[in-house]
Amino acid sequence: MRPNLEANRQVFATGAPVVSNLYAGAIGPRPVVTIDVPIKRPDGTFALVMSMNPRLEDFADVIRDQRLPDGWVASVFDRQGVNIARTPNPSGQFIGQHASPSLLPHLLEQREGIVETISLEGIPLLTAFSHGTRFGWAVAIGVPRAEMTAPAVAAALRTLAVGGVALAIGLALALLVARQITRPIAVLRGLAG
């Protein structure tokens, strides 16, 4: 008997498949997710509910298959903002933990968005998230802010360098032209005197 029957109750109430939130299983207690699907008789009544517990590593494998750049953080969250799968995730230390405090309120209150967050490791991120319509789970991908701002800073520095060189050349030319104008005026002043 599994300790959490909420998803099972929802299947009987709605007649539709349900994916549970993460909960502690009866064996272990290891974190598990349940997928419950109703099986109906020809007359439309429930015959039974088929349940399965996918491996949480399978969710992490799907994230890894996306081959995100190093330093990016990708997570799958249940409806309560609990980590189901995450990369990077050394030895599964973040599975079962809520999203970072800077992301969690947004996950719980908004359907999708882009917010500045701090990862569970303390890295400043620009994070985009979205909830699935059918089961309410969310996916979030965070890009390190330094990686996002580095190209803009480099472009600004290049622009400043080019602008500084152009300004120095302009000042040198202005000084040269001013000398060429002031010499004849000085000669005229001398002749007038």
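**Figure 1. Val 19 and the open sheet E1-E4-E5.** In this predicted model, Val 19 stands opposite Ile 35 in strand E4. Strand E4 covers residues 35-40, and two bridges join E1 to E4. The two strands run antiparallel. Three strands make up the open sheet, in the order E1-E4-E5, with antiparallel pairing. Strand E1 (18-19) and E5 stand at the edges. Each has a single partner strand, so one side of each is left without a neighbour in the sheet.

**Figure 2. Glu 6 in helix H1.** Glu 6 has its place in helix H1. With a relative accessible area of 41%, Glu 6 is partly exposed. Asn 21 lies 15 residues from Glu 6 in sequence. In space, the C-alpha atoms of Glu 6 and Asn 21 are 9.2 Å apart.

**Figure 3. The aromatic pairs.** Two aromatic pairs turn up in a search of the whole structure. In one of them, Phe 12 and Phe 46 have ring centres 5.1 Å apart and planes at 70°, so the pair is edge-to-face. Distant parts of the chain are linked here: Phe 12 belongs to helix H1 (residues 6-14) and Phe 46 to strand E5 (residues 46-52). They are 34 residues apart. Phe 12 counts as partly exposed, at 42% relative accessibility. Phe 46, at 25%, also counts as partly exposed. Phe 59 and Trp 137 also form an aromatic pair, with 5.5 Å from centre to centre. The planes of Phe 59 and Trp 137 stand at 50°, and the pair is tilted. Phe 59 sits in helix H2 (residues 56-65), whereas Trp 137 sits in the loop between E9 and strand E10 (138-144). The pair therefore ties together parts that are 78 residues apart in sequence. Is Trp 137 buried or exposed? At 12% relative accessibility, Trp 137 counts as buried, because the cut-off is under 20%. Phe 59 has 21% relative accessibility and counts as partly exposed.

**Figure 4. The hairpin of E6 and E7.** Strand E6 (residues 73-77) pairs with E7 in the antiparallel sense. Four bridges hold this pairing. Ser 75 stands opposite Arg 86 in E7. Five residues lie between the strands of the hairpin. Gly 81 takes a positive phi near 80°. Strand E7 spans residues 83-87, and five of its five residues are buried. E7 is therefore largely enclosed by the rest of the structure.

**Figure 5. The hairpin of E8 and E9.** Strand E8 (residues 112-118) and strand E9 (residues 124-131) are the arms of this view. Seven bridges join E8 to E9, and the two run antiparallel. Ile 114 has Ala 128 in E9 as its bridge partner. The two strands form a hairpin, with five residues between them. In the turn, Gly 122 has a positive phi of about 95°. Side chains alternate along E8. Which of them are buried? Gly 113, Val 115 and Thr 117 point to one face and are buried. Glu 112, Ile 114, Glu 116 and Ile 118 point to the other face and are not buried.

**Figure 6. Thr 127 and its surroundings.** Thr 127 is found in strand E9. Its relative accessible area is 3%, so Thr 127 is buried. The side chain of Thr 127 makes a polar contact, at 2.7 Å, with the side chain of Thr 117. Thr 117 is one of the buried residues of E8. Neighbours within four places in sequence are left aside in what follows. Thr 127 is in contact with Leu 103, Gly 113, Ile 114, Val 115 and Thr 117. Ala 140, Ile 141 and Gly 142 are further contacts of Thr 127.

**Figure 7. The chain that frames the close-ups.** Four helices and ten strands are present in the chain. Along the sequence they follow the pattern α-β-β-β-β-β-α-β-β-α-β-β-β-α. The radius of gyration is 31 Å, well over the 16 Å that the globule rule gives for 193 residues. The chain is therefore more spread out than a compact globule. Its C-alpha trace spans about 120 × 40 × 25 Å along the principal axes. Of the 193 residues, 29% are buried. Among contacts between residues at least 6 apart in sequence, 35% join residues at least 24 apart. The accessible surface comes to about 12,300 Å², and 65% of this belongs to carbon and sulfur atoms.

How values were computed. Residues are numbered from 1 along each chain as its sequence is written. Side-chain values use heavy atoms; hydrogens and water are left out. Buried means under 20% relative accessible area, exposed over 50%, partly exposed in between (1.4 Å probe, protein chains only). Two strands pair if DSSP finds at least two bridges between them. Rings of Phe, Tyr and Trp (its six-membered ring) pair if their centres lie within 6.5 Å; planes under 30 degrees apart count as stacked, over 60 as edge-to-face and the rest as tilted. The radius of gyration is taken over C-alpha atoms; the globule rule is 2.2 Å times the number of residues to the power 0.38. Contact means heavy atoms within 4.5 Å. Accessible areas come from the Shrake-Rupley method with a 1.4 Å probe; for residues, only the protein chains shown count as cover. A polar contact is a pair of N or O atoms within 3.5 Å; within protein, one must be able to donate a hydrogen and the other to accept it, and residues adjacent in sequence count only if both atoms are side-chain atoms.
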